[in-house]
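Subject: Structure for you to look at

Hello,

Here is the structure I promised to pass on. Please open it and keep it beside you while you read my notes.

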Amino acid sequence: MNIDWKTEGDTCVGLLADLLRIDTVNRGTGGEGKDDGHENVAADRLASFLREAGVEVRTFEKVKGRTNLIARVRGTGERAPLLLNAHLDVVEADASAWRRPPFSGDVHEGYLWGRGAVDMKHMAAMSACVLAMLSRDVEGRPKLTRDVVLAAVADEEAGSRLGSLYLVDDHADEVRAEYMLGEVGAFSQHLFGQTFYPLQVSEKGICWVRATFSGEPGHGSMPDPESAVVKLARAVSRLGKKRMPVHPTAAVKRFVSELAEHLPSPQRHVLKRLTLPAAASFILDYAIKDPAQRRSFGAMLSNTASPNVVAGGTKINVIPGSASVEIDGRTLPGQTVDDFLAELRAVMGEDAGLEVVWSLPAVETSPDTAMFRHLADTLRRHHPGAHPVPYMIPGFTDAKAYDRLGTKCYGFAPVRFDPAHTDVVFSKMFHGHDERIPVDGLRWGLRVLYEAVTGAPDR
Ligand SMILES: [Zn+2]
């Protein structure tokens, strides 16, 4: 095929630099968020790029300025569409902690710098370039059997209610698809001399809970060891120390066993036992030395509960009658809200009044599909010797929304990192200081994404 990848790559780097210069910080926590995001500016830039290339574009807003862009290149319609998803909003960036301004879009040291470089304006830029290329006739390229749709959405960083969840609720036909490719996956990760490409097949559910404790109100001059605040403090302390029960899911078992297979001994033997419920706690406590790795594996194996907002009395000399803590709970696939509340109660005690503030179920897509095999093969072809592995993320992505329409969702926003630069790895870039993407790794990602889309299986 006569594709000039140097030119296409330059276009993609330029488009991403433009997007990184647009401040789309989303400070919201999930509500109306009128003054957040300003995704309309980034959506306008994408829309003009796509329209110039002859691609159909439509936009949708639940709240003014919080724009969602839908672009579509039509196939023959024999198969249901393939959806590419990227959120346009980003998390805050503390400029004083960065080496380059967070909205510079500068190329420096071989990297393109800016908040959103890997989370995830790179996917917006690559996807827009792929659609622009598809709208052109390329000699020898087979006809698309599916529509290829790009959803560049608002508000993911605050829970997607003005973005993908709104599209799914109010404009389902715009985003209906058999498969969605989006966060989080297809970034290279280096471990013991091996390269892995995690592909998200699963993400945990959300169960935000307010736990309230009651006690006798009274005068602060006569302390009460059973006061609401003291009970709350004891319960929070237990929650901080205790690991919740281990429930290894099929996806996590597969991730751990495929990871272990490619590691040297003794890491291989230790890791293989991680998904045995009787051994998991011991391995997490004693065999995994790196605290970040321990927390990451721990979150894959159990429901988790992080106590984050504490509220008690209002006056220093008054013992309050109640005190509460808001807990960010994350649930594994297969675990219900009631299962989670029972585990929480077992740790916090019977006197904790538990009220669910918000919940969403976990998402899981089988990796046993023609599409998953195709994505893994595409990565292996572009990076011989590397190992694509299905995995579960503990966090939240737009997959939560598309899963409601029965779409099979995979994390596939390809980027290749340089193993020699150990300080620039995906996990540190994601919401971290000095977020940046290797320019060569982005060019590589564009080719991988193009082939993933144009070679997508018919079954
Ligand atoms: Zn993201």
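19 residues of domain 1 are in contact with 19 residues of domain 2. This is a predicted model, so please keep that in mind throughout. Which elements build the domain 1 side of this contact? At least two residues each come from β9 (194–203), β17 (387–393) and α13 (399–402). β17 gives the largest share, with six residues. By type, that side of domain 1 has 12 nonpolar, five polar and two charged residues.

Now the domains themselves. Domain 1 takes in 5–201 + 364–454, and domain 2 takes in 203–360. Their centres, taken over C-alpha atoms, are 31 Å apart.

Next, the protein as a whole. It has 15 helices and 19 strands. Its C-alpha trace spans about 85 × 55 × 45 Å along the principal axes. The radius of gyration is 23 Å, which agrees with the value near 23 Å for a compact globule of 459 residues. Of those 459 residues, 46% are buried. Now take the contacts with a separation of 6 or more. In 78% of them, the residues are 24 or more positions apart.

Back to β17, the strand at the domain contact. Is β17 largely enclosed or largely open? It is largely enclosed by the rest of the structure, because six of its seven residues are buried. A residue counts as buried when 20 or more other C-beta atoms lie within 10 Å of its own. β17 also has a partner in β9. The two strands run parallel and are joined by seven bridges. One place to find this pairing is F196, whose bridge partner in β17 is H387.

Now look at a sheet. Strands of a sheet pair through backbone hydrogen bonds, either parallel or antiparallel. Here four strands form an open sheet, in the order β12-β14-β10-β15. Their pairing is antiparallel. Which strands stand at the edges? They are β12 (304–311) and β15 (353–360). Each has a single partner strand, so one side of each is left without a neighbour in the sheet. From one strand to the next, the twist averages 20°.

A helix packs on this sheet. It is α11 (residues 337–348), and it touches β10 (205–214), β12, β14 and β15. The direction of α11 makes about 145° with that of β15.

Zoom in on one pair of strands. β12 and β14 (residues 322–331) pair in the antiparallel sense over seven bridges. Opposite R330 in β14 you will find T304.

D328 deserves a stop too. This residue lies in strand β14. Is D328 buried or partly exposed? D328 counts as partly exposed, because it has 15 C-beta neighbours inside 10 Å. Set aside the neighbours within four places in sequence. D328 is then in contact with W208, S306 and N308. Try a distance as well: from D328 to G215 is 24 Å, C-alpha to C-alpha. In sequence, these two residues are 113 residues apart.

Last, some backbone details. Most residues other than glycine have a negative phi, and most peptide bonds are trans. The places below depart from that pattern.

Start with the cis peptide bonds:

- E183 to V184 is cis, with omega near -15°. V184 sits in the loop between β7 (179–182) and β8 (189–191).
- S265 and P266 are joined by a cis bond, with omega about 5°. P266 sits in the loop between α7 (250–261) and α8 (267–272).

Then the positive phi values:

- H431 is not a glycine, yet its phi is positive, at about 65°. H431 lies in the loop between α14 (426–429) and β19 (436–438). With 16 other C-beta atoms within 10 Å, H431 is partly exposed.
- D434 also has a positive phi, near 55°, and is a residue other than glycine. D434 is found in the loop between α14 and β19. With 19 other C-beta atoms within 10 Å, D434 is partly exposed. Why does D434 not count as buried? Being buried takes 20 or more other C-beta atoms within 10 Å.

Best wishes

Terms used: Residues numbered from 1 in each chain as written. Predicted model: local features only at pLDDT ≥ 70, side-chain atom pairs only at ≥ 80, totals over all residues. Rg over C-alpha atoms; globule rule 2.2 N^0.38 Å. Buried ≥ 20, exposed ≤ 12 C-beta atoms within 10 Å, placed from the backbone. Contact = placed C-beta atoms within 7 Å. Domains from an automatic or database assignment. Nonpolar A, V, L, I, M, F, W, Y, C, P; charged D, E, K, R; others polar. Pairing = 2+ DSSP bridges. Axes fitted to C-alpha atoms, helices over the stretch in contact; angles between N-to-C directions.
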